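Here are a few exercises to work through with the chain in front of you. Try each one yourself before reading the solution.

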Amino acid sequence: MKRDKSSSNHLFTPYSPDYSLREKLQRTATILHASAFAVTRLLQNKKIQFAASVEITDRCNAGCHYCYVYPQEWDQRQRLQGYLQLSKAEHSEKERQVFQTLDQLKQAGIIHVTLVGGEPALAPHIIQYAANLFPIIWVVTNGAARLPLLPRSVSAFVSLDGPPDHHNQSRDPMGFFANHHYEGNTGMAAAIARNINQSERGAFVHLTLTRPAVERFPEAVSWVVRTVTKLRGIIVSGTTAKTKDDPAAFTLEDRQRLKQLIEAAAQTYGWSLFPFNQPKANEFLFNAEHIIDTPSNCLVSQLTKTVDFDGRAVGKCVLRDEMDCQTCLCNMTALTQAIAQFDVKTIRGVSRANFG
Ligand code: SF4
Ligand code: SF4
């Protein structure tokens, strides 16, 4: 990653995986073909699904307290140990189900899959299997395990909750990663930075902020830019709450504040740092007039099939039915709307993510 040190600001140049001319042409053709297919489906019927989010494993090496994969009453130790204690035969049966789900999605005409978990990096053979079926794959990972060698169709998105101390407290309250050290950092945040930097093709960082963490956005961005040398860009979301009255729900002022902070960071580092938070996408994400009231008005919910590792639909979207759409600050909702309006800057940002 190159940083412009001669100017007063620190313009960011995204890390870009190496491509030969031939590979680039092949990948471009694949992406154009997939995009044309998606646009045709959209024009035919806005409700035909062409994207999917799939839980590919029940295993995880973290144990975040807010995780919806595990029972709410489990503490971090139980979350870490829980499903890992399934027998080998039970895991194999679950994997068989995941392969079958991926096959069915392929037959249903899905072209873009987001692989989630559990922790997908613990199931690299399933990522490989998916890569043989779908042209565009995004893997959402906690980054605490080494990122596997990924095919060209796959890009990695590593989740971060804020600056390192905040992330470690939020994701690893019992300190299971306390013995990880990297470049002056400790804990899970250190593991994340090391694993991205040592990966073959780098990763995007998905920064999802709670209300109290909003003011720490500049600090989080500065840390990521300084520490993650194979950084492909930062995606910004806010957390979603169960009701509008929940103290965790962003107010309109919070939304505008986060939008301002992104704009200020873009002044310093350049907009290429935020490929999915270009100005048009941020309007959809943060402005009051674009708040989504029901799943029937959410393109993500309408166009994406969301299934768990048993092949069952998990609800209206990956956030589950209990989350209130009116509090939603999921970047994907804004991204989809900006693309549907053919916002060139957003399309350019997403295209970058499709070159794995
Ligand atoms: S890393 Fe993801 S799957 Fe694992 S416990 Fe945390 S939120 Fe859940
Ligand atoms: S919670 Fe967000 S992503 Fe899910 S259906 Fe509602 S608006 Fe869409």
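**Exercise 1: a tyrosine early in the chain**

Y19 lies in the segment before α1 (21–44); helices (H or I, at least four residues) and strands (E, at least two) are DSSP runs, numbered from the N terminus. A word on ground rules: residues are numbered from 1 along each chain as its sequence is written, and chains are lettered from A and ligands numbered from 1 in the order in which they are written. This is a predicted model, where local features need pLDDT of at least 70, side-chain atom pairs count only at pLDDT 80 or more, and totals for chains, interfaces and linings use all residues.

Task: work out how exposed Y19 is and list what it touches beyond its sequence neighbours.

Solution. Start with the cut-offs: a residue is buried if 20 or more other C-beta atoms lie within 10 Å of its own, exposed if 12 or fewer, and partly exposed in between, with C-beta atoms placed from the backbone. Y19 has 16 other C-beta atoms within 10 Å, so it is partly exposed. Next, contacts: two residues are in contact if their C-beta atoms, placed from the backbone, lie within 7 Å. Leaving aside neighbours within four places in sequence, Y19 is in contact with K24, R27 and F355. As a last step, take T306: Y19 and T306 are 287 residues apart in sequence and 32 Å apart in space, C-alpha to C-alpha.

**Exercise 2: the sheet**

Task: give the strand order of the open sheet, then find its edges.

Solution. Count a pair of strands if DSSP finds at least two bridges between them. The seven strands then come in the order β8-β7-β4-β3-β2-β1-β9, with parallel pairing. β8 and β9 (304–307) are the edge strands, each pairing on one side only.

Now check each end. Strand β7 (residues 203–209) is joined to β8 by seven bridges, running parallel, and V205 has I234 of β8 as its bridge partner. Between β7 and β8 the chain passes through helix α7 (residues 217–227), a right-handed β-α-β crossover (with the strands pointing away from the viewer, the path from the first strand over the helix to the second runs clockwise). Edge strand or not, β8 (residues 231–238) has eight of its eight residues buried. At the other end, four bridges link β1 (residues 51–55) to β9, again parallel, with A51 opposite T304.

**Exercise 3: helix α12**

Task: which residues of α12 are buried, and what covers them?

Solution. In α12 (residues 344–353), the buried residues are T346, G349 and V350. They cover an arc of only 95° around the axis, which puts them on the same side of α12; the arc is that of the directions from the helix axis to the C-beta atoms. The face turned away from that side carries the exposed V344 and R348. The cover over the buried residues includes α9 (279–286) and α11 (331–340).

Look at it from α9 too. Buried there are A281, N282, F284, L285 and F286, and these pack against α8 (252–269), α11 and α12.

**Exercise 4: the whole chain**

Task: how many helices and strands does the protein chain have, and what share of its residues is buried?

Solution. Tally the secondary structure: twelve helices and nine strands. Then the burial: 44% of the 356 residues are buried.
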